[in-house]
Amino acid sequence: MASAVRAARMAPRFSVLVRPAVARTTPSVCQRAAFSVSAGRFKSEVIKETEVPVSVYNPDAKGVASGNADHFSIPVKPRQRAPEPVVEEDEEVVPLEEKVYSQLPKTLQKMSVHGKVIIITGGARGLGNYMARACAEAGAKAIAIFDANQELGDESAAELHQKTGLPVSFFKVDVRDGHAIDAAVKNVVDLYGTPDVLVNSAGIADSNIPAETYDPAMFRRLIDINLTGSFLMSQSVGRAMMAAGKPGSIILVASMSGSIVNYPQEQSCYNASKAGVIQLGKSLAAEWAKYQIRVNCISPGYMDTALNKVPALDAQKKIWKSLTPQDRLGNVDDLNGLCVFLASDASGFMTGSNVIIDGGYSLY
Ligand SMILES: NC(=O)c1ccc[n+]([C@@H]2O[C@H](COP(=O)([O-])OP(=O)(O)OC[C@H]3O[C@@H](n4cnc5c(N)ncnc54)[C@H](O)[C@@H]3O)[C@@H](O)[C@H]2O)c1
C-alpha cells in the first residue's frame, strides 16, 4: 500500500495532482475526496479557447510594409492522448558517413560520437544493444560488445557489423571477472585504440522477494553483477584512458530504483545495487575529473525489455503504467539519445550527474 500512503501524504498539499489512474488501482477515501473537490474547483476556472488569435511580424508577410502585422486565428483541437510509439524489431542502422558529418553544423558535430571507440557491456540485447546501434548511427569508429551471453553477443555483433559496415567485436566477458575484463580491454586497445567511451549496461534484476526471505547468496550475486561489475569495468577502462592520457566518458546504467522504492514489488537488493551504482558514479566522477574522465549515470524507469517481458509481471505492469504520467513503459530505444549525448563532447561539462529517464514515474 506504499502508493496509497504516498498519495495520502500528498493529498492535503497537492490534491489536484492526484491522478484518476492511481485512484483506480489503489482507491482510498482520502484520494477520492481530494480529487473531486479540488479538480472541480480548478476546472471551472480554466477558459477553454476554440481559436487562438495570432499576429505575425515577418518581413515577408503581407501588411508589413504598412507596419501592420498579419492577423489570423488557428483552431484549437481537443487534447488527444498520444499514441504509443512503435519500435520495429528489425530496423535499419545507418552509420554517420564522413561526408554527412563534415556538413553538419558545429553543434550537431559535437553531439555526435564521431571517431570514438566505444565499449558497451550488456550489449548483446535490450537497452545495451539499442545504445550500441545508436552509437553506430552517431559516428562511432568501432564498437566492442562485452556480454556474458556468447550466442546473443556473437549474433548482435555480427548483425551490427553487417548493417553498418563498422568494425564491431564481441567479447564474452562476465563483468564479475576482473582478469577477463582487463584482457578484453587490452584487446580493444590493440584492435581499435584506447576506448573513448564505456557504456555499462550489463545487469540483472530480482524482484518480488521480501527482504526477510531473501537468500543471502542471491543478494551477493546481484550486487556482484550490478555494482561490483560496474566498478570493475570502470576501473579497467578508466586505467586504459589514464595510461593513454585520453579524455573519456563513462556511462553507468543505474535505475530510478536507485532513487525511489518501486511499488508494489519488493526488491530491496536491486534497489540497493542501483543506489550503489549512482553513488559509485558520483565518486568516480569526483576522483577522475583530473584525468578528464567524465562519469554519469542514466537511471531508466520501467522499460519494455526482455528483463520485464515475463508473464508473471503482466499484472504489475498495469500498476507501473498507471503510476507513470506518460502512461507507458519506456521503449527499448528510449535511452539512445541520452546515451549518445553523454558519450559525446556536447556533455563535456557534465560529470557526476544522474539523469532519470522514466516517463515521469518518479514525479509522484
Ligand atoms: N528494463 C528495465 O526496465 C530497466 C529499468 C531500469 C534499469 N535497467 C537496467 O538497464 C540495464 C539493461 O537492462 P535490459 O532491460 O536491457 O536487460 P537485458 O536482460 O535485456 O540485457 C542485459 C544484458 O546484460 C547481460 N549480462 C547479464 N549479466 C551479465 C554479466 N554478469 N556479465 C556480462 N553481461 C551480463 C545479459 O546477457 C544481457 O545481454 C540493466 O543494468 C538494468 O538493471 C533496466
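This report describes the largest pocket, a nonpolar surface patch and some backbone features of a predicted model.

The largest pocket has a volume of about 920 Å³. Of the 44 residues that line this pocket, Ser201, Gly203, Ile204, Ala205 and Leu307 are the closest to its centre, while the elements that give two or more residues to the lining are helix H6 (126-137), helix H9 (216-244) and helix H10 (268-288). Sorted by class, the lining of the largest pocket holds 21 nonpolar, 16 polar and seven charged residues.

On the surface, Val52, Phe72, Ile74 and Val76 form a nonpolar patch, and together these residues have about 290 Å² of accessible area. Phenylalanine 72, one of the members of the patch, belongs to strand E2 (residues 70-75) and is partly exposed, with a relative accessible area of 38%.

Two residues that are not glycine have a positive phi, and the table sets them side by side.

| Residue | Phi | Loop | Relative accessible area |
|---|---|---|---|
| Asparagine 208 | about 60° | between strand E6 (197-200) and H9 | 38%, partly exposed |
| Glutamine 292 | about 60° | between H10 and strand E8 (293-300) | 55%, exposed |

Glutamine 292 counts as exposed because its relative accessible area of 55% is over the 50% cut-off, whereas asparagine 208, at 38%, falls in the partly exposed range between 20% and 50%.

A further backbone feature is the peptide bond from tyrosine 263 to proline 264, which is cis, with omega near 5°; proline 264 is found in the loop between strand E7 (248-253) and H10.

How values were computed. Residues numbered from 1 in each chain as written. Predicted model: local features only at pLDDT ≥ 70, side-chain atom pairs only at ≥ 80, totals over all residues. Heavy atoms only, no water. Patch = residues over 30% accessible without salt bridge, like charges linked within 9 Å, V, L, I, M, F, W, Y side chains within 5 Å. Areas by Shrake-Rupley, 256 points an atom, 1.4 Å probe, with all protein chains shown as cover. Salt bridge = Lys/Arg side-chain N within 4 Å of Asp/Glu carboxyl O. Helix = DSSP H or I, 4+ residues; strand = E, 2+ residues; numbered from the N terminus. Buried < 20%, exposed > 50% of the residue type's maximum accessible area, 1.4 Å probe, protein only. 1 Å grid on protein atoms, 1.4 Å probe; cavity = no way out; pocket = protein on both sides within 12 Å on 5 of 7 lines; lining within 4 Å. Points joined across faces, edges and corners; volume = space filled by probe spheres on them. Nonpolar A, V, L, I, M, F, W, Y, C, P; charged D, E, K, R; others polar.
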